[in-house]
Amino acid sequence: MSEDIAAQYRIEAEPYYRAVGSEVELFRAAHARRMPVMLKGPTGCGKTRFVEHMAYTLGRPLITVACNEDMTASDLVGRYLLDREGTKWHDGPLTVAARIGAICYLDEVVEARQDTVVVIHPLTDHRRVLPLDKKGELLHAHDDFQLVISYNPGYQSLMKDLKQSTKQRFGALSFDYPDAGVEAEIIARETGCDLKVAEKLVQIAHRARNLRGHGLDEGISTRLLVYAGQMIAEGIDPAHACQMTLVTPLTDDPDMRETLEAAVATFF
Ligand code: ADP
(Lines give C-alpha, C1' and ligand atoms only; values in the text may rest on other atoms or scores of the structure.)
Protein backbone atom coordinates (compact mmCIF):
# COMPACT_ATOMS: atom_id res chain seq x y z
CA MET A 1 0.00 0.00 0.00
CA SER A 2 2.62 2.53 1.03
CA GLU A 3 4.73 1.39 -1.98
CA ASP A 4 1.80 2.36 -4.25
CA ILE A 5 1.65 5.78 -2.67
CA ALA A 6 5.43 6.17 -2.87
CA ALA A 7 5.34 5.30 -6.59
CA GLN A 8 3.11 8.34 -7.23
CA TYR A 9 5.77 10.62 -5.82
CA ARG A 10 8.78 9.07 -7.55
CA ILE A 11 10.48 11.21 -10.18
CA GLU A 12 10.61 9.24 -13.42
CA ALA A 13 13.30 11.02 -15.42
CA GLU A 14 16.42 12.73 -14.15
CA PRO A 15 15.80 16.46 -13.72
CA TYR A 16 18.67 18.43 -15.23
CA TYR A 17 20.59 20.27 -12.55
CA ARG A 18 23.89 22.03 -13.15
CA ALA A 19 25.81 22.04 -9.87
CA VAL A 20 27.36 25.40 -9.04
CA GLY A 21 29.44 24.43 -5.99
CA SER A 22 29.60 21.51 -3.61
CA GLU A 23 25.83 21.51 -2.89
CA VAL A 24 25.28 18.01 -4.32
CA GLU A 25 27.97 16.43 -2.16
CA LEU A 26 26.83 18.36 0.93
CA PHE A 27 23.20 17.42 0.46
CA ARG A 28 24.12 13.78 -0.10
CA ALA A 29 25.99 13.67 3.23
CA ALA A 30 23.15 15.48 5.04
CA HIS A 31 20.67 13.02 3.53
CA ALA A 32 22.78 10.06 4.71
CA ARG A 33 22.15 11.30 8.26
CA ARG A 34 18.60 12.47 7.45
CA MET A 35 19.56 15.96 8.56
CA PRO A 36 16.84 18.56 7.92
CA VAL A 37 18.10 20.99 5.28
CA MET A 38 17.14 24.57 4.49
CA LEU A 39 17.72 25.91 0.96
CA LYS A 40 18.19 29.68 1.12
CA GLY A 41 18.11 31.98 -1.87
CA PRO A 42 16.08 34.29 -4.10
CA THR A 43 13.08 33.05 -6.06
CA GLY A 44 13.76 31.22 -9.31
CA CYS A 45 17.43 30.45 -8.72
CA GLY A 46 17.26 26.64 -8.82
CA LYS A 47 16.28 25.47 -5.32
CA THR A 48 13.30 23.38 -6.41
CA ARG A 49 15.16 21.94 -9.37
CA PHE A 50 18.00 21.01 -7.02
CA VAL A 51 15.75 19.14 -4.59
CA GLU A 52 14.05 17.34 -7.51
CA HIS A 53 17.43 16.30 -8.84
CA MET A 54 18.58 15.10 -5.42
CA ALA A 55 15.38 13.13 -4.77
CA TYR A 56 15.83 11.44 -8.14
CA THR A 57 19.51 10.57 -7.67
CA LEU A 58 18.91 9.36 -4.10
CA GLY A 59 15.95 7.27 -5.28
CA ARG A 60 13.49 8.89 -2.87
CA PRO A 61 9.92 9.99 -3.51
CA LEU A 62 9.47 13.76 -3.25
CA ILE A 63 6.43 15.49 -1.76
CA THR A 64 6.38 19.24 -2.31
CA VAL A 65 4.14 21.65 -0.43
CA ALA A 66 3.87 25.33 -1.44
CA CYS A 67 3.40 27.14 1.86
CA ASN A 68 1.10 30.12 2.28
CA GLU A 69 -0.21 32.20 5.14
CA ASP A 70 -3.64 30.52 5.18
CA MET A 71 -2.12 27.11 5.62
CA THR A 72 -2.98 25.46 8.91
CA ALA A 73 -1.28 22.66 10.78
CA SER A 74 -4.12 20.37 9.60
CA ASP A 75 -3.27 21.14 5.97
CA LEU A 76 0.16 19.65 6.63
CA VAL A 77 -0.72 16.89 9.07
CA GLY A 78 -4.20 15.77 8.05
CA ARG A 79 -7.81 15.95 9.15
CA TYR A 80 -11.05 14.03 9.49
CA LEU A 81 -13.31 14.54 6.49
CA LEU A 82 -16.92 13.58 6.13
CA ASP A 83 -17.82 11.11 3.41
CA ARG A 84 -20.72 8.72 2.73
CA GLU A 85 -19.51 6.25 5.33
CA GLY A 86 -18.97 8.83 8.03
CA THR A 87 -15.84 10.63 9.10
CA LYS A 88 -12.56 9.37 7.77
CA TRP A 89 -9.01 10.46 8.52
CA HIS A 90 -6.98 11.83 5.59
CA ASP A 91 -3.23 12.17 5.99
CA GLY A 92 -1.78 15.55 5.01
CA PRO A 93 1.32 15.73 2.81
CA LEU A 94 3.78 15.91 5.72
CA THR A 95 2.24 12.80 7.29
CA VAL A 96 2.30 10.93 3.99
CA ALA A 97 5.99 11.80 3.55
CA ALA A 98 6.83 10.67 7.09
CA ARG A 99 4.95 7.39 6.57
CA ILE A 100 6.42 6.42 3.20
CA GLY A 101 9.97 7.72 3.69
CA ALA A 102 9.84 10.57 1.19
CA ILE A 103 11.74 13.82 1.07
CA CYS A 104 9.20 16.46 2.13
CA TYR A 105 9.94 19.85 0.56
CA LEU A 106 8.17 22.79 2.19
CA ASP A 107 8.59 25.60 -0.32
CA GLU A 108 8.68 29.18 1.04
CA VAL A 109 8.09 28.02 4.58
CA VAL A 110 8.34 31.58 5.91
CA GLU A 111 4.93 32.25 4.35
CA ALA A 112 3.30 29.85 6.81
CA ARG A 113 2.17 31.04 10.22
CA GLN A 114 4.29 30.18 13.26
CA ASP A 115 1.65 27.87 14.74
CA THR A 116 1.73 25.91 11.48
CA VAL A 117 5.52 25.76 11.28
CA VAL A 118 5.93 24.36 14.79
CA VAL A 119 4.34 21.05 13.77
CA ILE A 120 7.61 20.19 12.00
CA HIS A 121 9.67 20.57 15.18
CA PRO A 122 9.31 17.03 16.61
CA LEU A 123 10.21 15.63 13.18
CA THR A 124 13.46 17.58 13.07
CA ASP A 125 15.17 16.33 16.21
CA HIS A 126 16.22 12.92 17.45
CA ARG A 127 12.60 11.97 18.12
CA ARG A 128 11.61 12.01 14.43
CA VAL A 129 7.96 11.76 15.38
CA LEU A 130 4.81 13.51 14.23
CA PRO A 131 1.99 13.68 16.78
CA LEU A 132 -1.38 13.37 15.03
CA ASP A 133 -3.25 14.83 17.97
CA LYS A 134 -6.75 14.68 16.50
CA LYS A 135 -6.27 11.06 15.52
CA GLY A 136 -4.53 10.08 18.74
CA GLU A 137 -1.54 8.66 16.88
CA LEU A 138 2.14 9.29 17.40
CA LEU A 139 3.69 8.63 14.01
CA HIS A 140 7.32 7.53 13.98
CA ALA A 141 8.89 8.76 10.76
CA HIS A 142 10.09 6.17 8.25
CA ASP A 143 13.90 5.75 8.30
CA ASP A 144 14.21 7.40 4.86
CA PHE A 145 12.12 10.48 5.65
CA GLN A 146 13.92 13.81 5.29
CA LEU A 147 12.61 17.34 5.68
CA VAL A 148 13.78 20.11 3.34
CA ILE A 149 12.53 23.71 3.43
CA SER A 150 13.19 26.69 1.21
CA TYR A 151 13.49 30.20 2.40
CA ASN A 152 13.98 33.49 0.55
CA PRO A 153 15.96 35.85 2.81
CA GLY A 154 14.90 38.79 0.59
CA TYR A 155 11.33 38.61 1.87
CA GLN A 156 12.50 38.69 5.44
CA SER A 157 10.83 41.26 7.67
CA LEU A 158 10.11 41.60 11.34
CA MET A 159 6.65 40.22 10.72
CA LYS A 160 7.81 37.37 8.56
CA ASP A 161 10.86 35.50 9.63
CA LEU A 162 11.51 32.05 10.92
CA LYS A 163 12.05 31.78 14.65
CA GLN A 164 15.55 30.86 15.79
CA SER A 165 13.99 27.78 17.39
CA THR A 166 12.96 26.70 13.88
CA LYS A 167 16.05 27.90 11.99
CA GLN A 168 18.41 26.10 14.29
CA ARG A 169 16.89 22.75 13.42
CA PHE A 170 18.32 22.81 9.89
CA GLY A 171 21.61 22.68 8.08
CA ALA A 172 21.48 25.34 5.38
CA LEU A 173 22.73 25.66 1.81
CA SER A 174 22.93 29.10 0.22
CA PHE A 175 21.77 29.48 -3.36
CA ASP A 176 22.09 32.44 -5.69
CA TYR A 177 21.84 33.08 -9.41
CA PRO A 178 24.73 31.18 -11.03
CA ASP A 179 27.79 32.93 -12.51
CA ALA A 180 27.18 34.41 -15.94
CA GLY A 181 28.77 31.62 -17.99
CA VAL A 182 27.01 28.87 -16.05
CA GLU A 183 23.65 30.65 -16.15
CA ALA A 184 23.88 31.10 -19.93
CA GLU A 185 24.73 27.41 -20.28
CA ILE A 186 21.67 26.49 -18.17
CA ILE A 187 19.35 28.71 -20.25
CA ALA A 188 20.65 27.39 -23.57
CA ARG A 189 20.33 23.80 -22.34
CA GLU A 190 16.87 24.29 -20.82
CA THR A 191 15.34 26.13 -23.76
CA GLY A 192 17.26 25.18 -26.89
CA CYS A 193 18.02 28.83 -27.62
CA ASP A 194 21.41 29.82 -28.98
CA LEU A 195 24.19 30.19 -26.38
CA LYS A 196 25.00 33.68 -27.70
CA VAL A 197 21.37 34.71 -27.12
CA ALA A 198 21.45 33.16 -23.63
CA GLU A 199 24.56 35.19 -22.82
CA LYS A 200 22.76 38.40 -23.77
CA LEU A 201 19.76 37.45 -21.62
CA VAL A 202 22.09 36.96 -18.67
CA GLN A 203 23.63 40.39 -19.23
CA ILE A 204 20.17 41.97 -19.18
CA ALA A 205 19.48 40.12 -15.93
CA HIS A 206 22.71 41.43 -14.40
CA ARG A 207 21.61 45.00 -15.07
CA ALA A 208 18.25 44.35 -13.42
CA ARG A 209 19.87 42.57 -10.47
CA ASN A 210 21.94 45.68 -9.80
CA LEU A 211 18.65 47.51 -9.27
CA ARG A 212 17.67 45.24 -6.42
CA GLY A 213 16.97 47.49 -3.44
CA HIS A 214 16.96 50.54 -5.77
CA GLY A 215 13.39 50.26 -7.00
CA LEU A 216 13.21 46.54 -7.60
CA ASP A 217 12.42 44.04 -4.83
CA GLU A 218 13.96 41.17 -6.73
CA GLY A 219 16.16 40.96 -9.81
CA ILE A 220 15.32 38.95 -12.94
CA SER A 221 15.42 35.29 -11.90
CA THR A 222 16.94 32.38 -13.78
CA ARG A 223 13.35 31.13 -14.17
CA LEU A 224 12.37 34.29 -16.09
CA LEU A 225 15.47 33.98 -18.26
CA VAL A 226 14.39 30.43 -19.08
CA TYR A 227 10.97 31.80 -20.12
CA ALA A 228 12.68 34.41 -22.33
CA GLY A 229 14.83 31.70 -23.94
CA GLN A 230 11.75 29.54 -24.55
CA MET A 231 9.91 32.37 -26.32
CA ILE A 232 12.94 33.13 -28.46
CA ALA A 233 13.39 29.43 -29.29
CA GLU A 234 9.72 29.49 -30.41
CA GLY A 235 10.68 32.11 -32.97
CA ILE A 236 9.42 35.21 -31.12
CA ASP A 237 11.38 38.39 -31.72
CA PRO A 238 13.85 38.70 -28.78
CA ALA A 239 12.77 42.24 -27.85
CA HIS A 240 9.14 41.15 -27.60
CA ALA A 241 10.10 37.98 -25.75
CA CYS A 242 12.08 40.02 -23.20
CA GLN A 243 9.25 42.51 -22.76
CA MET A 244 6.85 39.69 -21.93
CA THR A 245 9.13 37.67 -19.67
CA LEU A 246 11.73 40.04 -18.20
CA VAL A 247 10.06 43.46 -18.01
CA THR A 248 6.27 43.22 -17.62
CA PRO A 249 6.20 40.58 -14.84
CA LEU A 250 8.83 42.34 -12.76
CA THR A 251 7.47 45.82 -12.07
CA ASP A 252 4.43 48.09 -12.35
CA ASP A 253 6.49 51.24 -11.97
CA PRO A 254 6.67 53.13 -15.30
CA ASP A 255 10.18 54.53 -14.66
CA MET A 256 11.55 51.17 -13.69
CA ARG A 257 9.91 49.60 -16.71
CA GLU A 258 11.61 52.16 -18.94
CA THR A 259 14.98 51.38 -17.35
CA LEU A 260 14.50 47.67 -17.99
CA GLU A 261 13.34 48.31 -21.56
CA ALA A 262 16.50 50.34 -22.14
CA ALA A 263 18.59 47.42 -20.85
CA VAL A 264 16.80 45.07 -23.28
CA ALA A 265 17.29 47.52 -26.16
CA THR A 266 21.06 47.52 -25.54
CA PHE A 267 21.22 43.85 -26.41
CA PHE A 268 18.34 43.19 -28.83
P1 ADP B 1 13.37 28.22 -7.00
O2 ADP B 1 12.89 26.93 -6.45
O3 ADP B 1 14.70 28.67 -6.44
O4 ADP B 1 12.35 29.32 -6.95
P5 ADP B 1 13.55 26.75 -9.50
O6 ADP B 1 14.32 25.60 -9.01
O7 ADP B 1 12.12 26.54 -9.86
O8 ADP B 1 13.67 28.02 -8.55
O9 ADP B 1 14.35 27.31 -10.77
C10 ADP B 1 13.71 27.96 -11.84
C11 ADP B 1 14.22 27.42 -13.15
O12 ADP B 1 15.58 27.83 -13.35
C13 ADP B 1 14.26 25.90 -13.21
O14 ADP B 1 13.04 25.40 -13.66
C15 ADP B 1 15.37 25.64 -14.19
O16 ADP B 1 14.88 25.75 -15.51
C17 ADP B 1 16.32 26.80 -13.99
N18 ADP B 1 17.52 26.55 -13.16
C19 ADP B 1 17.98 27.38 -12.20
N20 ADP B 1 19.15 26.93 -11.71
C21 ADP B 1 19.43 25.77 -12.36
C22 ADP B 1 20.52 24.85 -12.30
N23 ADP B 1 21.55 25.03 -11.46
N24 ADP B 1 20.49 23.79 -13.13
C25 ADP B 1 19.45 23.62 -13.98
N26 ADP B 1 18.40 24.46 -14.09
C27 ADP B 1 18.39 25.54 -13.29
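A residue counts as near a molecule or strand if its C-beta atom, placed from the backbone, lies within 6 Å of it. Of the 18 residues that surround the ligand in this sense, Gly46, Lys47, Thr48, Arg49 and Arg223 come nearest. The model is a predicted one, in which local features need pLDDT of at least 70 and side-chain atom pairs count only at pLDDT 80 or more, while totals for chains, interfaces and linings use all residues. Residues are numbered from 1 along each chain as its sequence is written.

**The chain as a whole**

The protein chain holds twelve helices and nine strands, where helices (H or I, at least four residues) and strands (E, at least two) are DSSP runs numbered from the N terminus. Along its principal axes, the C-alpha trace spans about 65 × 40 × 40 Å. Of the 268 residues, 36% count as buried, a term that requires 20 or more other C-beta atoms within 10 Å of a residue's own, with 12 or fewer making it exposed and the range in between partly exposed.

The domain assignment, which is automatic or taken from a database, gives two domains, and the table lists their bounds.

| Domain | Residues |
|---|---|
| domain 1 | residues 1–174 |
| domain 2 | residues 180–267 |

The centres of domain 1 and domain 2, taken over C-alpha atoms, are separated by 31 Å. Nine residues of domain 1 are in contact with nine residues of domain 2, contact meaning that two C-beta atoms, placed from the backbone, lie within 7 Å. On the side of domain 1 that touches domain 2, the residues divide into four nonpolar, four polar and one charged; here Ala, Val, Leu, Ile, Met, Phe, Trp, Tyr, Cys and Pro count as nonpolar, Asp, Glu, Lys and Arg as charged, and the others, Gly among them, as polar.

**The ligand shell**

Because both domain 1 and domain 2 give residues to the shell around the ligand, the ligand lies between them. Helices α3 (47–58), α8 (180–191) and α10 (222–233) each supply at least two residues of this shell, whose members divide into seven nonpolar, six polar and five charged.

Helix α10 has twelve residues and reaches 16 Å from its first C-alpha to its last, close to the 16 Å expected at 1.5 Å a residue, the expected span being 1.5 Å times one less than the number of residues. Its buried residues include Thr222, Leu224, Tyr227 and Ile232, and the buried residues of α10 pack against α8, α9 (195–209) and α11 (238–247). Just after α10, Gly235 takes a positive phi of about 95 degrees.

**The nonpolar cores**

A nonpolar core is a set of buried Ala, Val, Leu, Ile, Met, Phe, Trp, Tyr and Cys residues joined through C-beta atoms within 7 Å. Of the 42 residues in the largest such core, Val51, Ala97, Ala102, Cys104 and Val148 touch the most other members. Among the elements that give two or more residues to this core are β1 (37–40), α3, α5 (93–100) and β8 (146–151), and the largest share, five residues, comes from α5. Apart from this core lies another, of 26 residues, among them Ile186, Val202, Ile220 and Ala241.

Strand β8 also contains Tyr151, which is buried because 24 other C-beta atoms lie within 10 Å. Leaving aside residues up to four places away in sequence, Tyr151 touches Met38, Lys40, Val109, Val110 and Leu162. The C-alpha atoms of Tyr151 and Val109, 42 residues apart along the chain, are separated by 6.2 Å.
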